[in-house]
Amino acid sequence: MADIAVVLDLYTEEPVLGDLRPLHETAIEFGRPVLVPAQLSELDPVHRRRTDLDRVRLYRLRFPFDLRPPRRNRRFDAVTIEFAFADQRVIALGTELSTPAGGETSNLRGIGRSTVELDLEPAVADTGLRPRHRALDILVEAPAEVAKIHIGLRAELTVARILGAFSVRRAASRHPQQLVLSTGPAEQEWNEALKSVDVLVIAALPMEYDAARSAGNGVEPGGWRAQAVDDQTPYETGEIHTPDGGRLTVALARPVEMGGRRTGTFVTRLTEHLRPTCLAMSGVCAGNPADTAPGDVVIATPVYQYDEGKQSGSSFFGAHQQYTLSDPWVRTAQGFQPAGLPSHGDATPDEATIWVLERLYQGQDPIKHPARDRYFPRGTWRERSVRIESDGLIAWTDDGWTLTTAGTAKIRRTLADDVDGPDRLPFAVLTGPMASGNAVVQDHTVWDRLKGMGARKILALEMEAATLATVAAGSSVPHWLVAKGVMDHADFAKDDRFKRFAAIASAEVLFALLTQLIRPRAGQPALGVQAAAEVQPAITEKPASAAEPAPASKRPGEIKLEFVRRLGSDWRDLADYVDVPSYKQAQFTPGDEPRALWEWLESRQRLAELPAALVKIGRPDLADLLRS
């Protein structure tokens, strides 16, 4: 459905480790509602003869809506949708369901009441409900002084599943979705009630907050708008654009102090208010010196609180609850290339020289360092190291490369002058375990201690990521994502020279990944801008005989280009569905996978399979594009 205004998520309750927990089953998408004054000529004689039309107003309200397609091995046997007016003086005088002919039965209740209920069932048992582009029309009565009509949306769905054995489940909305419609015929302020956001981004420190707020690939300058849940919970909202032309609504906030305890209550309050699709965090961390370099960005998977457990004398026994990303998200993060981000840049030969000097000054072996190939691409080490040696900065000994007196003086002066830290680095994006603790650590033995607690390999150490993932799980937020930049290695050489860069790079990586991973709510109005609904003289659809002529068909090349632009991160689900081997998926050019997938199918004369496959993965919009 184009122009989606609200997505009403439906959840089943499933037993998980002995407890019932909500699991997302599907959703109902509501298109942009239209509210226009009813014309007297359209009303039945009873209403035309009313003597109180100076005190009440009558409106025509249309609600387009549709079910998302069921997942494999599921069908929808019945659905009940409730449209409730918050003001009890606002009532429904008439209702009508517009839907393609045949296939289902409906029952409408609520005439004369402030709540309208719609029941839908398939006309033939065991066939299930399908997407049909439905619309509910309501004749509404409201007092003349009512300037805005508040509507709450709820739903309940019966799901039949065949997962080894046949079962029937109830899926329901957990909270009502709210809409606010202006009664002005050209002032549909329905966007006021769209308080939910696609992503809630949390920063633990003011510097991290500023880095996310000013990220070059994030919200445009001047695009942030200050808002608040209350005087203790402020936040800002803005929009970031996705590669396929959509936009994500983003909220950005920070607690007054860092640490898991303060972050937990703060994030929970915002999550309840904003109902995000994804909880996210950017900022800084300590990186394992065996695997990371300052400036690298670590994507947490999994994340856990490392100091949870039992202390017995000098021994600590961990009781770690790990939170992991889904495999498609991990694959996207693993394949992400930061080239093109504002803070990323290749190292020049002079920068490579300084890098070698600094490694030796820090007592590190540049040859074994994890970032060596970024400063010395394959085949360049010998030539460049010989040049640095001939400049008198390093010398070869029986113990390996060492700094000369001139080299030591040069790197000391360079570090003394570099008080602001770098603006661009050839940093890498890494995926791996991230441990959270309750204290800032400055102890180089921490990495061995973490390994001794049972974690074989830890990439990063920080204080809030596990709390964020815990809130996401406890509040049934579908997704979470943590990107943290390495500012030091938690050792006694710890300084803040890379702190600003690490915060900026992590924010840029976070926003870039979010635009690939999160599907925006299409048609959502710009934040803070009133969305005027089109005034229509009538809300009944044209009969088939009066339909507009079909637009001219698009050329195959145009369809391919639009498909490639719009598929986004869904290419993974589509590739799995059409059985593209995993090794072949790994060979697709990063950033251009949709085109590679199209051409893989085209070379095998399998493009005809795309429409049905797209419907199965929840992209009927692209199926319609191909059928055009």
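**View 1. Half of the protein counts as buried.** Of its 628 residues, 50% count as buried, a word that here stands for under 20% relative accessible area, with exposed meaning over 50% and partly exposed in between (1.4 Å probe, protein chains only). This is a predicted model, in which local features need pLDDT of at least 70 and side-chain atom pairs count only at pLDDT 80 or more, while totals for chains, interfaces and linings use all residues. Residues are numbered from 1 along each chain as its sequence is written, and side-chain values use heavy atoms, with hydrogens and water left out. The protein holds 17 helices and 25 strands; these are DSSP runs numbered from the N terminus, helices being H or I with at least four residues and strands E with at least two. Contacts, meaning heavy atoms within 4.5 Å, often link distant parts of the sequence: among those with a separation of 6 or more, 72% come from residues 24 or more positions apart.

**View 2. Here helix 4 packs against helix 11.** Two packed helices are described by the angle between their axes and the distance between the axes. For helix 4 (residues 327–335) and helix 11 (residues 499–517), the angle is about 135° and the axes are 11 Å apart. Axes are lines fitted to C-alpha atoms, for helices over the stretch in contact, and angles run from 0 to 180 degrees between N-to-C directions. Helix 4 and helix 11 are therefore oblique to each other; angles under 35 degrees count as roughly parallel, over 145 as roughly antiparallel, 65 to 115 as roughly perpendicular and the rest as oblique. Look for Trp329, Thr332 and Ala333 of helix 4, which meet Leu513, Gln516 and Leu517 of helix 11. The residues of this contact are four nonpolar, two polar and no charged, where Ala, Val, Leu, Ile, Met, Phe, Trp, Tyr, Cys and Pro count as nonpolar, Asp, Glu, Lys and Arg as charged, and the others, Gly among them, as polar.

**View 3. Here helix 3 crosses helix 10.** The axes of helix 3 (residues 260–274) and helix 10 (residues 465–474) come within 9 Å and cross at roughly 35°. Helix 3 brings Gly260, Thr263, Gly264, Val267, Thr268 and Thr271 to the contact, and helix 10 brings Thr467, Leu468 and Val471. Three of these residues are nonpolar, six are polar and none is charged.

**View 4. Asn107 sits in strand 7.** That strand covers residues 104–109. With 36% relative accessibility, Asn107 counts as partly exposed. Leaving aside residues up to four places away in sequence, Asn107 touches Glu117, Leu118 and Asp119. Asn107 and Glu117 lie 10 residues apart in sequence and 8.1 Å apart in space, C-alpha to C-alpha.
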